[in-house]
Amino acid sequence: MSEDEYSATVLGSHWFSGPPQPQDAVPDRVEGSVLRFGPGVTAAVPAPFPVTAPPAAQRRGSGGWRRYGLAAVVLLAVLAYLGWQRYGPSLGVRDVAVSVTDPKGPACDATADVVALVRTNGRPGTLRYRWIRSDGTQSEELTERVPRGRKEARLHLLWTFHGTGTHDASAKLQVVSPGGRSAATQFTYRCAR
């Protein structure tokens with residue numbers, strides 16, 4: 001086919017019909033003289049009557065404190081009690097008493113068991129103490145862990161004696177902390193072979 005034989009009428013009619021005309025499209029709605037087409041933001045339509053919250057919803061908002069107030073007070077009381085139990089006053093010493101298990105004193109070449117009874121306030125903590133003997137010796141600082149609820153601690157000093165004769169002895173418990181209290185007892189060692 002040569003250039004002279006080309007004809008524009010061979011093209012189909014769809015090439016020159018153009019875009020669809022407005023009369024072919026259907027609007028979503030008509031508001032006065034404005035036509036709106038397709039999805040998009042629509043204008044707000046006022047309600048035909050006033051909108052208010054129902055009375056039950058209004059009461060529910062204001063009565064919340066009354067409803068949960070008692071539960072909140074109980075919860076705060078429980079938390080305060082638990083805090084006092086955990087972080088309240090620490091271990092305290094109320095009284096100290098020292099005695100010998102055998103008031104007659106130890107027999108020949110025997111050991112005297114000196115017992116200190118330390119009464120506490122029942123709080124947990126650590127007692128720090130030392131024993132001081134009448135022969136001029138003293139123990140290093142010792143500790144006793146007191147658990148919660150236990151209101152007394154028994155502390156023992158075992159003092160061994162050898163030889164013949166009579167010896168007047170005394171033992172003193174000195175509580176270093178808490179409180180700085182002390183107590184003592186006396187006994188006699190007698191051995192006549």
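Glutamine 138 is a good place to start: this residue is found in the loop between strand S5 (125-133) and S6. Leaving aside its neighbours within four places in sequence, glutamine 138 is in contact with Arg130, Trp131 and Ile132. The chain also brings glutamine 138 to a C-alpha separation of 9.3 Å from lysine 172, although their positions lie 34 residues apart along the chain. Please keep in mind while reading that this is a predicted model.

**The overall fold**

Stepping back, the protein has 2 helices and 9 strands. Followed along the sequence, these elements give the pattern β-β-α-α-β-β-β-β-β-β-β. Of the 193 residues in the protein, 21% are buried. Taking contacts between residues at least 6 apart in sequence, 62% join residues at least 24 apart. The exposed surface comes to about 14500 Å², and carbon and sulfur atoms supply 57% of that area.

Part of this surface can be picked out on the model. Leu70, Val74, Val78, Tyr81, Leu82 and Trp84 make a nonpolar surface patch of about 640 Å². Tryptophan 84, one of these residues, lies in helix H2 (residues 64-87). Its relative accessible area is 45%, so tryptophan 84 counts as partly exposed.

**A four-stranded open sheet**

How are the strands of the open sheet ordered? The order is S6-S5-S8-S9, with antiparallel pairing among these 4 strands. Strand S6 (142-146) and strand S9 (182-191) stand at the edges; each has a single partner strand, so one side of each is left without a neighbour in the sheet. On average, neighbouring strands of this sheet are turned by 25 degrees against each other, direction ignored.

The pairing of strand S8 (residues 165-177) with S9 is antiparallel and runs over 10 bridges. Two of the facing positions help to set the register by eye: alanine 169 stands opposite phenylalanine 187 in S9, and aspartate 168 stands opposite threonine 188 in S9.

The hairpin of S8 and S9 has 4 residues between the strands, and glycine 179 there takes a positive phi near 100 degrees. Proline 178 lies in the loop between S8 and S9 as well. A cis peptide bond, with omega about -5 degrees, joins serine 177 to proline 178.

**Two buried residues in this pair of strands**

Is leucine 173 buried or exposed? Leucine 173, which lies in strand S8, is buried because its relative accessible area is 0%. Not counting residues up to four places away in sequence, leucine 173 touches Val96, Val98, Ala116, Val118, Tyr129, Arg130, Trp131, Leu155, Arg181, Ser182 and Ala183. Leucine 155, one of these contacts, is 18 residues from leucine 173 in sequence and 9.0 Å away in space, C-alpha to C-alpha.

Threonine 185 has its place in strand S9. This residue has 13% relative accessibility and therefore counts as buried. With residues up to four places away in sequence left out, threonine 185 touches Val98, Ser99, Val100, Val114, Ala169, Ser170 and Ala171.

**A backbone detail to look at**

Aspartate 109 lies in the loop between strand S3 (93-100) and strand S4 (111-120). Its phi is near 50 degrees, a positive value in a residue other than glycine. With a relative accessible area of 37%, aspartate 109 is partly exposed.

**Salt bridges**

Side chains of opposite charge can pair when their charged atoms come close. The structure holds 5 salt bridges, and the table lists some of them.

| Basic residue | Acidic residue | N to O distance |
|---|---|---|
| Arginine 130 | Glutamate 141 | 3.9 Å |
| Arginine 150 | Glutamate 144 | 3.5 Å |
| Arginine 154 | Glutamate 152 | 3.8 Å |

The salt bridge of arginine 130 and glutamate 141 links distant parts of the chain: arginine 130 is in strand S5, while glutamate 141 is in the loop between S5 and S6, 11 residues apart. Glutamate 141 is partly exposed, with a relative accessible area of 37%.

In the pair of arginine 150 and glutamate 144, arginine 150 counts as partly exposed at 30% relative accessibility. Glutamate 144 is partly exposed too, with a relative accessible area of 21%. Glutamate 152, the partner of arginine 154, is partly exposed, with a relative accessible area of 33%.

Definitions and conventions. Residues numbered from 1 in each chain as written. Predicted model: local features only at pLDDT ≥ 70, side-chain atom pairs only at ≥ 80, totals over all residues. Heavy atoms only, no water. Buried < 20%, exposed > 50% of the residue type's maximum accessible area, 1.4 Å probe, protein only. Contact = heavy atoms within 4.5 Å. Areas by Shrake-Rupley, 256 points an atom, 1.4 Å probe, with all protein chains shown as cover. Patch = residues over 30% accessible without salt bridge, like charges linked within 9 Å, V, L, I, M, F, W, Y side chains within 5 Å. Salt bridge = Lys/Arg side-chain N within 4 Å of Asp/Glu carboxyl O. Pairing = 2+ DSSP bridges. Axes fitted to C-alpha atoms, helices over the stretch in contact; angles between N-to-C directions.
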